[in-house]
Each structure stands twice: as C-alpha cells, then as structure tokens.
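Let's take a friendly walk through this structure together. Have the sequence and the 3D view at hand, and follow along.

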Amino acid sequence: MIGFLKRYARSPAAVVGLLIVLAVIGMAIAAPFLFPRDPLSLAGRPLQWPLDNPRFWLGTDNAGRDIAAQIFHGARTSLLIGLVATVVAIGIGIVIGAIAGYYGGWVDDALMRVTEAFQTLPNFLLLLVLVAVFGSNITFVTIAIGIVSWPPSARLTRAEFLTLRNREFVQACRVLGMRDRQIIFHEILPNALPPVIVYASVIMAVAILLESALAFLNLSDPNVPSWGNLIGAGRGVLRVQWYVSAIPGLVILLTVLGVSLVGQGLNDALNPRLKGR
C-alpha cells in the first residue's frame with residue numbers, strides 16, 4: 001500500500017487531480033451545512049451578478065435561485081450519479097466479459113455480438129432513447145447511463161481473462177475440482193481487476209458529462225439540483241448573464257479533469273513497468 005501511494009505521488013498531475021476530486025467531495029459534504037435551505041427554492045432577485053450581493057457570492061440564476069447552493073448540492077448529485085452509473089457499468093461489463101473470456105467459443109461469440117450491438121449506436125443517442133421511453137427520473141437516468149456505458153469494460157475484462165485463463169494457477173484450480181464460478185470470480189477476476197479499476201475513472205467522468213448533457217436539453221430530472229440543470233437554466237440569458245452557465249460549466253470541467261487525472265495516476269501506480277517503457 002505504501003509503495004502504491006509513493007508511485008501515485010510521483011505524478012504531480014495525479015496529485016492535482018486527487019486534490020480536485022477531494023475538493024468536490026468536500027463541497028458535497030458541506031452542502032447541507034453551508035446551504036441548509038432547498039437549493040431550488042427562491043432566494044432573491046433574479047440574475048444578480050456574482051459578488052453584487054454578499055448573500056449570493058456566485059450570484060442568482062434567472063429564477064432567483066442561489067447559484068452557489070446549486071453548485072454545492074449539485075456536487076452531491078454528480079458524484080452520486082457518477083459512482084452509481086460506474087458501479088452498474090463495471091458490474092455488467094465484468095460479468096459479460098468474464099464469462100466470454102473464460103469460456104470462449106460460441107459463448108464468447110454470442111456475448112461479443114451483443115456487446116457490438118450496444119456499441120453500434122453512440123452512448124448519448126442510446127441514452128436519449130432510453131430516457132424518452134422510460135422517463136427522466138434521476139434514479140432511472142443514473143441506471144440508464146450505466147447501461148449504455150458497459151461495453152468497453154466488458155471488452156477489457158474479456159481481454160484480461162483470455163490472457164489469464166490458461167495460466168498455471170487456473171489449471172491448478174481445475175485439477176483441484178473447483179467450480180467454474182469459483183475460478184472466475186475468486187481466482188481470475190482479482191488478477192484482472194487493475195485495468196478495469198483504472199477504466200472506471202473514465203466511466204465516471206463520462207457519466208457526469210452525460211447527465212449534464214441530458215439536463216442541458218431539459219431531459220434530466222428538474223426536481224434535483226444539478227450542474228447540467230443550472231447550465232440549461234442559463235441558456236436563455238447566455239449573451240447577457242453568461243455567468244449562470246459559465247460557473248457550473250467550469251465546475252464540470254474541473255471535476256471531469258480531476259477524475260481523469262486520478263485515473264491516469266492509478267494507471268501509473270498499478271502498472272509501473274508500463275510507465276517505465
């Protein structure tokens with residue numbers, strides 16, 4: 001563990017990314033204490049510029065809601081969406097990729113055809129179809145993001161299993177009479193997880209962007225404080241009060257950048273030999 005932390009700390013970009021992610025987590029934790037009121041409730045006069053009123057240090061949107069409150073509470077929404085969608089995508093991808101890579105043959109062919117079918121349409125287009133059919137409740141939106149994001153993790157898991165399934169320790173498990181399920185999830189999977197864990201940071205960053213894009217198009221849950229909803233609210237006053245959209249847009253940019261840098265740092269720490277090349 002200490003060696004892993006030392007390798008991670010060698011990358012200044014990874015440390016900066018971790019600090020950004022920790023800052024966003026701190027915002028999410030502090031939100032109910034700094035802004036105990038409903039962030040979507042009327043707070044003051046609409047379209048007050050940042051710092052014009054000491055009560056609203058990031059200003060108010062075109063509905064008179066406190067932008068700072070929405071930013072802090074929106075951090076909770078974005079992190080929750082990112083984490084849950086990542087768990088859903090990684091869970092589906094691991095199961096399908098592990099089964100395909102372990103058994104091979106027609107099982108592999110069938111599962112990979114399903115994976116390719118999901119990859120035929122762009123993620124966002126498929127997400128739009130799911131939201132249009134099943135609704136824009138925040139719970140379903142989060143699950144839908146996970147559903148459209150699993151194919152790359154399935155392919156990555158499959159590739160690792162194809163490499164590991166004929167190793168000596170796997171053959172020893174078969175000789176000992178272990179069941180396939182035990183070999184897949186208890187023996188091979190722990191050795192195949194590092195690259196999947198690294199890729200999880202990519203899924204989380206994309207999940208935050210997908211939800212923000214849906215909210216910008218008014219297709220996400222309007223009853224939940226969201227950075228995307230705030231950007232969408234400022235769309236009508238973009239030429240004059242540009243800060244309404246610019247502030248949450250900057251927060252999304254920094255958050256996605258931080259998550260991506262953390263993922264790169266994890267990759268360097270978990271694969272030091274690859275970095276040395």
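Is R113 buried, partly exposed or exposed? R113 is partly exposed, because its relative accessible area is 45%, and the partly exposed class runs between 20% and 50%. Keep in mind as we go that this is a predicted model.

R113 is a good starting point for the charged contacts. Its salt bridge partner is E116, with the closest N and O atoms 2.9 Å apart. The two are three residues apart in helix α4, so about one helical turn separates them. E116 is partly exposed too, at 33% relative accessible area. E116 also meets R155 in a salt bridge, at 3.4 Å from N to O. Since E116 lies in helix α4 and R155 in helix α7, this pair ties together parts that are 39 residues apart in sequence. Through shared partners, R113, E116 and R155 join into one network.

A search of the whole structure finds four salt bridges. Among them is the pair of R158 and D108, whose closest N and O atoms are 2.7 Å apart. This pair links distant parts of the chain, with R158 in helix α7 (residues 151-164) and D108 in helix α4 (residues 105-120). D108 counts as buried, at 7% relative accessibility.

Now step back to the annotation. An unreviewed UniProt entry places "domain: ABC transmembrane type-1" at residues 75-263. Over that range the chain is 82% helix and 0% strand, and the end C-alpha atoms are 19 Å apart.

Finally, look at the surface, where V15, L18, L19, L22, I25, I29 and F33 form a nonpolar patch with about 670 Å² of accessible area together. L18 sits in helix α2 (residues 12-34) and is partly exposed, at 35% relative accessibility.

Methods: Residues numbered from 1 in each chain as written. Predicted model: local features only at pLDDT ≥ 70, side-chain atom pairs only at ≥ 80, totals over all residues. Heavy atoms only, no water. UniProt positions renumbered as here; feature names shortened; annotations may be inferred. Helix = DSSP H or I, 4+ residues; strand = E, 2+ residues; numbered from the N terminus. Patch = residues over 30% accessible without salt bridge, like charges linked within 9 Å, V, L, I, M, F, W, Y side chains within 5 Å. Areas by Shrake-Rupley, 256 points an atom, 1.4 Å probe, with all protein chains shown as cover. Salt bridge = Lys/Arg side-chain N within 4 Å of Asp/Glu carboxyl O. Buried < 20%, exposed > 50% of the residue type's maximum accessible area, 1.4 Å probe, protein only.
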